[in-house]
Structures are given as structure tokens and as C-alpha cells.
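Colleague: Could you take me through a single part of this model in detail, and then place that part within the rest of the chain? I would be grateful for the cut-offs behind each term as you use it.

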Amino acid sequence: MVSQLHTNLLGSMLTCKAAMKTMIQQQRGSIVNVGSIIGLKGNSGQSVYSASKGGLVGFSRALAKEVARKKIRVNVVAPELIPRLVSVRGWGEGTEELVSV
């Protein structure tokens, strides 16, 4: 649980902090954090993941307000699972299955 919060939330926060030093000096910049639709809608069995990605959305919104006057933009993209048809090697020629990537 803690490792997931460290990776998804704290890791992004510390990366933003490090990048902000240069951006503030330059009076411009752009940060794009990678969230998830799960952080916005939630999903059964993924409460910690959902909390970490939802927290990233809140952090990004607050940071955007804090640094806007310095001409620094902060955004979050929130992709969701996209099912697609892919070939699976080793299962016979032409074998395909539906997977989420």
C-alpha cells in the first residue's frame, strides 16, 4: 500500500518539486502528470491505486493555481484501459486475443 502511494503520488510530487526550480527561474514551463480514470471514478479492488491517482489530480490542480502567475502550466492526463486486438506469438499462427493495454 505505502509503496504504491510513494510511486504514484509522492514520486510525482518530488519530481514536480525538482522541475519547478528551473521553471521558476525561467518564468515558464509545463508539467504533465499521468493520472488514471480510476483515480476519478474509482474501481472495485483498487482503492489504494484510486486514492493515489485521485490525490495526484488534486495535487496537480493546486500546484497549477500556485504557479500560474509564473507562466507554468500543470496538467493531468487520465487514460483508461483500451481493449484492442493483438497477435499472440507462440500460440499458433494467426492466433489473436483481446487484451487491455
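Modeller: Along the sequence, the elements of the protein chain follow the order α-β-α-α-β-β-β, which gives three helices and four strands. Both kinds of element are DSSP runs numbered from the N terminus, helices being H or I over at least four residues and strands being E over at least two. This is a predicted model, in which local features need pLDDT of at least 70 and side-chain atom pairs count only at pLDDT 80 or more, while totals for chains, interfaces and linings use all residues. Residues are numbered from 1 along each chain as its sequence is written, and side-chain values use heavy atoms, with hydrogens and water left out.

The part I have chosen for the close look is helix α1, residues 2-26. Its 25 residues should span 36 Å at 1.5 Å a residue, and the C-alpha atoms at its ends are 35 Å apart, which agrees. The expected span is 1.5 Å times one less than the number of residues in the helix. Helix α1 nevertheless has a kink of about 35 degrees, centred on Leu10. The bend at a residue is the angle between two fitted axes, one for the seven residues ending there and one for the seven starting there.

The buried residues of α1 are Asn8, Leu9, Ser12, Cys16, Met20 and Met23. Buried means a relative accessible area under 20%, exposed means over 50%, and partly exposed lies in between, with a 1.4 Å probe and protein chains only. As general background, an α-helix has 3.6 residues a turn, so residues three or four places apart point the same way. The cover over the buried residues of α1 includes β1 (29-34), α3 (47-67) and β2 (72-77).

Two positions in the helix illustrate this setting. Ser12, in α1, counts as buried because its relative accessibility is 18%. Leaving out residues up to four places away in sequence, Ser12 touches Thr7, Asn33 and Leu56; contact here means heavy atoms within 4.5 Å. Ala19 is also placed in α1, but is partly exposed, at a relative accessible area of 27%. The C-alpha atoms of Ala19 and Ile31 are 8.4 Å apart, although the two residues are twelve apart in sequence.

Helix α1 is followed by Gln27, in the loop between α1 and β1. Gln27 is partly exposed at 40% relative accessibility, and its phi is near 55 degrees, a positive value in a residue other than glycine. In general, most residues other than glycine have a negative phi. Lys71 has a positive phi too, near 60 degrees; this residue lies in the loop between α3 and β2 and is exposed, with a relative accessible area of 63%.

Turning to the elements that cover α1, helix α3 has 21 residues and reaches 30 Å from its first C-alpha to its last, close to the 30 Å expected at 1.5 Å a residue. Its buried residues include Leu56, Val57, Phe59 and Leu63. In turn, the cover over the buried residues of α3 includes α1, β1, α2 (37-41) and β2.

Strand β2 holds Arg73, which is exposed at a relative accessible area of 53%. Apart from neighbours within four places in sequence, Arg73 is in contact with Gly29, Ser30 and Ile31. Its C-alpha lies 8.0 Å from that of Arg28, 45 residues away along the chain.

For the chain as a whole, buried residues make up 26% of the 101 residues. Of the contacts between residues at least 6 apart in sequence, 50% join residues at least 24 apart.

Finally, the loop between β2 and β3 (83-87) contains Glu80, which is exposed at a relative accessible area of 52%. Glu80 and Ser36 are 44 residues apart in sequence, yet their C-alpha atoms are 6.2 Å apart in space.
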